[in-house]
Amino acid sequence: MKWNEYWFREGGLLSLAMLRIGTCLGLLFGWFIFAIPDYDIFFQIVDTEKYHPISLLALLGPTPPSAAFFEALKPISLIAILLGLVGLGTRLVLPVALLSSLLPASLLYSFGLPWSHHYNLPLLSLGILCLAPCGDALSLDRLILKRWFPDRFEALQSKDYPYAWAVLLVQLTAGLFFFNAAYWKGAQHSAWIPWAFSDNLRLILADQWYFVHSGPYWWHEIIMQNRWLYRTMAAANIVFQTLPLGAALFSRRPRLRILFGCVFLAELLGLGIIMGIWFLPYFPMFTVFVDWDYFVGGKPSAPTKNEGPL
């Protein structure tokens, strides 16, 4: 069946391992950038009466857990992410990293603020990796098996497992993340053209730099003062948000996949430089657009029905 041929094809061992590394790097960036320094002070500042638990916090009752609870999660999360990065006890530490990262991230947006995008893709990727044997390569787990458990290592070497499905699913998720943004630009204005060829981007830039940030840089002023420039950039924004989904359609074309990945990076850079919205945890997710088995593992460039590059 074509469904099985797409999702459960052979290969993908190195790509899955690199995706684990990229996802853990993204979460590590998020841990240092967005972590709350002191939860005691945080709960003194926020209005707990406005607490509306989202995600897994909704399962813990109508009142927020204590500051001590979240303070305890901070070292647990950091250690689990680092262990996942190097691939030690991978099957155990990745679920721990997911839970200990998701709960604090949910707390940030349980006080009336909209759900932020900053953690979404790395957390979704980590949730998928929890179900995949992503420690079978480029990991301390593999080295331990090779050194002290040679029989199990030989069994791992001969194992025929379709590693590709997790990589392909995360790649589709990454593409849909930006495609969803492009879709709603059109859905709210009946078509993409009215959104792009209007003053929408100019107003967004003014809001971001005059109200959210301390003021625009010189290049933002140039953009806001030139109608043709901000309209062209708005149209380019829609195109760049749509293209990364193409990686899922051309998953057996490694060079095209990298091209779509470069568009993904360009969109992230554009959001940061132009709009001041930096999704730093997303940058290491570029790894999902690279067919590491093809470029590093030496897979044949002409795939058969079930084999070849991702």
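Ala, Val, Leu, Ile, Met, Phe, Trp, Tyr, Cys and Pro count here as nonpolar, Asp, Glu, Lys and Arg as charged, and the others, Gly among them, as polar. The model is predicted, so local features need pLDDT of at least 70 and side-chain atom pairs count only at pLDDT 80 or more, while totals for chains, interfaces and linings use all residues. Residues are numbered from 1 along each chain as its sequence is written, and side-chain values use heavy atoms, with hydrogens and water left out.

**First stop: the cavity**

Select Trp31, Ala35, Ser101, Pro104 and Tyr119. A search of the whole structure finds one cavity of 30 Å³ or more, with a volume of about 160 Å³. These five are the closest to its centre of the 16 residues that line it. On a 1 Å grid over the protein atoms alone, a cavity is a set of points where a 1.4 Å probe fits but cannot get out; lining residues have an atom within 4 Å of a point. The lining divides into eleven nonpolar, four polar and one charged residue. Helix α5 gives the most to this lining, with five residues.

**Second stop: helix α4**

Select residues 67-86, which form α4; helices are DSSP runs (H or I, at least four residues), numbered from the N terminus. At 1.5 Å a residue, the 20 residues of α4 should span 28 Å, and its end C-alpha atoms, 30 Å apart, agree with this. Among the buried residues of α4 are Phe70, Leu73, Ser77 and Ile81, where buried means under 20% relative accessible area with a 1.4 Å probe, protein chains only. Their cover includes α2, α3 and α5. After the helix comes Gly87, whose phi is positive, near 75°.

**Third stop: the nonpolar cores**

Select Leu16, Leu205 and Phe264, which have the most contacts inside the largest nonpolar core, of 58 residues. Such a core is a set of buried Ala, Val, Leu, Ile, Met, Phe, Trp, Tyr and Cys residues joined through side-chain atoms within 4.5 Å. Helix α9 (residues 164-187) gives the most to this core, with eight residues. Another core, of 13 residues, lies apart from it and includes Tyr39, Phe42, Leu103 and Phe111.

**Last stop: the largest pocket**

Select Lys185, Asn237, Gln241, Leu271 and Met275. About 920 Å³ of space lies in the largest pocket, and these residues are the closest to its centre of the 30 that line it. A pocket is an open set of grid points with protein on both sides within 12 Å along at least five of seven lines. Its lining has 18 nonpolar, nine polar and three charged residues.

Note on methods:
Grid points are joined across faces, edges and corners, and a volume is the space filled by probe spheres set on the points. Helices (H or I, at least four residues) and strands (E, at least two) are DSSP runs, numbered from the N terminus. The expected span of a helix is 1.5 Å times one less than its number of residues. Buried means under 20% relative accessible area, exposed over 50%, partly exposed in between (1.4 Å probe, protein chains only). Contact means heavy atoms within 4.5 Å.
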